[in-house]
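Please open the model in the viewer and keep the sequence panel visible beside it. The tour below proposes a series of selections and states what is found at each stop.

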Amino acid sequence: MLFKSYKRGVLTPIRLLGSGGEGRVWLVGTRKKNKFYAVKEFFNMRSLEKEIDFGDKLCDIKNISHYHEILRNSSNNIQCLLYKYYNGGDMVDLHNAFDFNHFKYKEQYLLVKGIDICKAIHSMHEMNIAHRDIKPENILWHRENVKQKVSDNILKGDNKFKNLVNKLY
C-alpha cells in the first residue's frame, strides 16, 4: 500500500498510529527527504467530506490540526487526508513521559498548555461549531516546540449548540 501525493511524491506507510469510528491514521514517510506525515484514511466518503468541510471552515484557527492535501491510497483508491505528524504523541503519551509526581510546577505547566487548547475550542464555539470528542487522545503534541493541537475534528454546527454557547459566554 502506498499513498500518492501531488506535492510530496509517494508516501510509504511506516506503521498504524490508531483507528476509530471514522477511519485509521497511518504514519507515513517520504523516500527522498525523510519527512514524516500522518495520513487519515476514512471508512466512508461522508466522513471524509465532513472533515474537509469543517477543516476548510477552521483553517484560520491556530492550535487546530489542519489537513495539507487530499490523497489516494494506491491499493484501494480510497481518498485520505494528509496531516502534519506530531511526534510527541497525544496528551496521554505526554503525561506518561513525565514523572509528574516529582515535577514541581505540574499544575502551572498543564494550565499554560491548556490555554491554547481552550482558545481553539472557544474560536470554534464562536463559529457555532462543537468538537464533540475532546479527550486526551485527540490533543497532539510536537516534541521540538511542545505545541499542542486539537485533532479528530468530529464537529457539528447547529442552532441548539449556538444557544448553549450564548448562555455560557
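**Confidence along the chain**

Begin by colouring this predicted model by pLDDT. Among the elements of the protein, strand β4, residues 36–42, has the highest mean pLDDT, at 92, while helix α4, residues 159–168, has the lowest, at 41. Next, select residues 153–169, where the pLDDT is below 50. Beyond near neighbours in sequence, this stretch has 33 contacts in the model. For the protein as a whole, the average pLDDT is 77, and 76% of the residues score at least 70.

**The whole protein**

Now switch to a cartoon view and follow the chain from the N terminus. The protein contains four helices and nine strands, and their order is β-β-β-β-α-β-β-β-α-α-β-β-α. Of the 169 residues in the protein, 40% are buried. If a surface is displayed, the exposed area of the protein is about 10,500 Å², and carbon and sulfur atoms supply 53% of that area. Among contacts with a separation of 6 or more, 53% are between residues 24 or more positions apart.

**Strand β1: S5**

Select S5, which is located in strand β1, residues 3–5. Is S5 buried or exposed? Its relative accessibility is 8%, so S5 counts as buried. Leaving aside neighbours within four places in sequence, S5 is in contact with L11, E69 and L71. Then add I70 to the selection: S5 and I70 are 65 residues apart along the chain, and their C-alpha atoms are separated by 7.9 Å.

**Helix α1: I52**

Keep I70 in view and select I52, whose place is in helix α1, residues 45–57. I52 and I70 are 18 residues apart along the chain, with 8.8 Å between their C-alpha atoms. Which residues does I52 touch, not counting those up to four places away in sequence? They are Y67, I70 and L81. I52 has a relative accessible area of 17%; this value is under 20%, so I52 is classed as buried.

**Strand β3: L27**

Move to strand β3, residues 23–30, and select L27. L27 is buried, with a relative accessible area of 7%. Not counting residues up to four places away in sequence, L27 touches T12, P13, I14, R15, L17, F36, Y37 and Y85. Highlight Y37 from this list: Y37 and L27 are 10 residues apart along the chain, and a distance of 6.0 Å separates their C-alpha atoms.

**The second largest pocket**

Leave Y37 selected, for Y37 is also one of the residues lining the second largest pocket. To display the rest of the lining, add K7, R8, G9, V10, T30, R31, K32, K33 and K35. The volume of this pocket is about 170 Å³. How many nonpolar, polar and charged residues line the second largest pocket? By class, there are two nonpolar, two polar and six charged residues. Rolling a probe the size of a water molecule over the atoms shows where empty space is left.

**The loop between α3 and β8**

The last stop concerns backbone angles. Most residues other than glycine have a negative phi. Select N128, in the loop between α3 (106–126) and β8 (139–141). The phi of N128 is near 65°, a positive value in a residue other than glycine. Now select R132, which is placed in the loop between α3 and β8. R132 is not a glycine, yet it has a positive phi of about 70°.

Finally, show the surface around both residues. Which one is buried, and which one is exposed? N128 has a relative accessible area of 16% and is buried, whereas R132, with a relative accessible area of 54%, is exposed.

Conventions: Residues are numbered from 1 along each chain as its sequence is written. This is a predicted model: local features need pLDDT of at least 70, side-chain atom pairs count only at pLDDT 80 or more; totals for chains, interfaces and linings use all residues. Side-chain values use heavy atoms; hydrogens and water are left out. On a 1 Å grid over the protein atoms alone, a cavity is a set of points where a 1.4 Å probe fits but cannot get out, and a pocket is an open set with protein on both sides within 12 Å along at least five of seven lines; lining residues have an atom within 4 Å of a point. Grid points are joined across faces, edges and corners, and a volume is the space filled by probe spheres set on the points. Ala, Val, Leu, Ile, Met, Phe, Trp, Tyr, Cys and Pro count as nonpolar, Asp, Glu, Lys and Arg as charged, and the others, Gly among them, as polar. Helices (H or I, at least four residues) and strands (E, at least two) are DSSP runs, numbered from the N terminus. Buried means under 20% relative accessible area, exposed over 50%, partly exposed in between (1.4 Å probe, protein chains only). Contact means heavy atoms within 4.5 Å. Accessible areas come from the Shrake-Rupley method with a 1.4 Å probe; for residues, only the protein chains shown count as cover. pLDDT is the predictor's confidence in each residue, from 0 to 100.
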